[in-house]
Amino acid sequence: MLIGVLVACGTLATVVGVARSEHGQARAAPAAKGPYVALGDSYTAGPKIPGQTGTPAGCDRSDHNYPALVASRLGVQDTGFRDVSCSGATIADLTRPQLTDHGTNPPQLAAISPKTRLVTLGIGGNDIGFGSMIRRCVTMGVAYQALGSGKYIPEDTPCKRHYVDRGTDEVERKIENAGERLAGALTEINRRAPQARVYVVGYPAVLPADGTGCGGDLPLAPGDMSYLREKEQQLNSELRERAQASGAVYVDTYRPSEGRDACSDAATRWIEPLVPNSPAAAVHPNARGERGMADAVLNVLR
């Protein structure tokens, strides 16, 4: 079982005005319609969610990711919607070509023009190395559990110790740097598409809020689970602050996803665990999660 979990860790290469009718259905305001351009990383693209579409194939975009669902709900025609999100993208890939295992994705901002009226952007997780953090912390969590889950090693934050040295948090510094890069990217989006409404989409909850363990789904030491959850929330806070400072709107997907994290019941979760039960990449949104993120976007469109 231990070997199986470690092997699974190695495969974790990709870890980003609406009115209400009387029935609670989201109804988009006409001003929010396209042309619509979707930018972002794998949490936007939807790797392994059927059906995979678009070029290059290495971006792993799904035709059921939240941008596609938002475009469909808004009634944006094919020619008025462009999804250029790409798995593995960093903020730098908004302005430079991104190499993938199967083709090169052009600079994402190249899709934006003065005609663009709606932009969504979900990015930042790869800038802080969140996927590699998960892999490292899971590996250390397996060792922690194998050594008695605190029976022989009292410290329950073996992974946090790797990132925090003498009070200096390496990840916190990366979050601040990502925020600075995002601010520059948002300025460029505003320059290229001055008439566009811009929405920065935050990341949904990956880990449970109550601090309970995930067992074999995501074997983490208790303190490291709290640390990772805290870092995700800090990243979302940085995204929110930078969005608001630029005049963009922040879309909170964390709050509606609480209780639907990777450790929750398979029938309700938005995020798949280390070994997915639904078609999706490990520790990424499944189709249900992409629908939830689409609802969060539609709920704030104005």
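Student: In which sense does helix 6 pass helix 7, left-handed or right-handed?

Tutor: In this predicted model, helix 6 passes helix 7 in a right-handed crossing.

Student: Why are helix 6 and helix 7 called roughly parallel?

Tutor: Start with the angle: the axes of helix 6 (residues 170–192) and helix 7 (residues 222–246) cross at roughly 30° and come within 9 Å. Angles under 35 degrees count as roughly parallel, and therefore this pair gets that name.

Student: Which residues make that contact?

Tutor: On the side of helix 6 they include Val171, Ile175, Glu176, Gly179 and Leu186, and on the side of helix 7 they include Tyr227, Lys231, Leu235, Glu238 and Arg242. By class, the contact of helix 6 with helix 7 has 9 nonpolar, 4 polar and 6 charged residues.

Student: Glutamate 238 is in that list. How do you know whether glutamate 238 is buried or exposed?

Tutor: Look at its relative accessible area, which is 12%. Buried means under 20%, so glutamate 238 is buried. This residue lies in helix 7. Leaving aside residues up to four places away in sequence, glutamate 238 touches Ile175, Glu176 and Gly179.

Student: What makes helix 4 roughly antiparallel to helix 7?

Tutor: Again, take the angle. The axes of helix 4 (residues 130–146) and helix 7 cross at roughly 170° and come within 10 Å. The cut-off for roughly antiparallel is over 145 degrees, so helix 4 earns that description. Phe130, Met133, Ile134, Cys137 and Tyr144 of helix 4 meet Pro222, Tyr227, Leu228, Lys231 and Glu232 of helix 7. That contact has 8 nonpolar residues, no polar ones and 2 charged ones.

Student: Now the sheet, please! What is the order of its strands?

Tutor: It is an open sheet of 5 strands in the order 6-3-9-12-13, with parallel pairing.

Student: What makes strand 6 and strand 13 the edge strands?

Tutor: Strand 6 (81–83) and strand 13 each pair on one side only. From one strand to the next, the twist averages 20°.

Student: How do you know that strand 12 pairs with strand 9?

Tutor: Count the bridges: 4 of them join strand 9 (residues 118–122) to strand 12. Pairing needs at least two, so these strands pair, and they run parallel. Leucine 118 stands opposite arginine 197 in strand 12, and threonine 120 has tyrosine 199 as its bridge partner.

Student: What does strand 12 have with strand 13 (residues 249–251)?

Tutor: There are 3 bridges, again in the parallel sense. Tyrosine 199 stands opposite valine 249 in strand 13.

Student: Why is strand 12 described as mostly covered?

Tutor: Strand 12 covers residues 197–201, and 4 of its 5 residues are buried. Strand 3 (residues 36–40) is mostly covered too, with 5 of its 5 residues buried.

Student: Which way do the residues of strand 3 point?

Tutor: Tyr36, Ala38 and Gly40 point one way, Val37 and Leu39 point the other way, and all are buried. Side chains in a regular strand alternate between the two faces of the sheet.

Student: How many bridges join strand 3 to strand 6, and how many to strand 9?

Tutor: Strand 3 has 3 bridges to strand 6, running parallel, and 5 bridges to strand 9, also in the parallel sense. Valine 37 stands opposite arginine 82 in strand 6, while alanine 38 stands opposite threonine 120 in strand 9.

Conventions
Residues numbered from 1 in each chain as written. Predicted model: local features only at pLDDT ≥ 70, side-chain atom pairs only at ≥ 80, totals over all residues. Heavy atoms only, no water. Buried < 20%, exposed > 50% of the residue type's maximum accessible area, 1.4 Å probe, protein only. Helix = DSSP H or I, 4+ residues; strand = E, 2+ residues; numbered from the N terminus. Axes fitted to C-alpha atoms, helices over the stretch in contact; angles between N-to-C directions. Parallel < 35°, antiparallel > 145°, perpendicular 65-115°, else oblique. Left-handed = near helix turned anticlockwise from the far one by under 90°. Contact = heavy atoms within 4.5 Å. Nonpolar A, V, L, I, M, F, W, Y, C, P; charged D, E, K, R; others polar.
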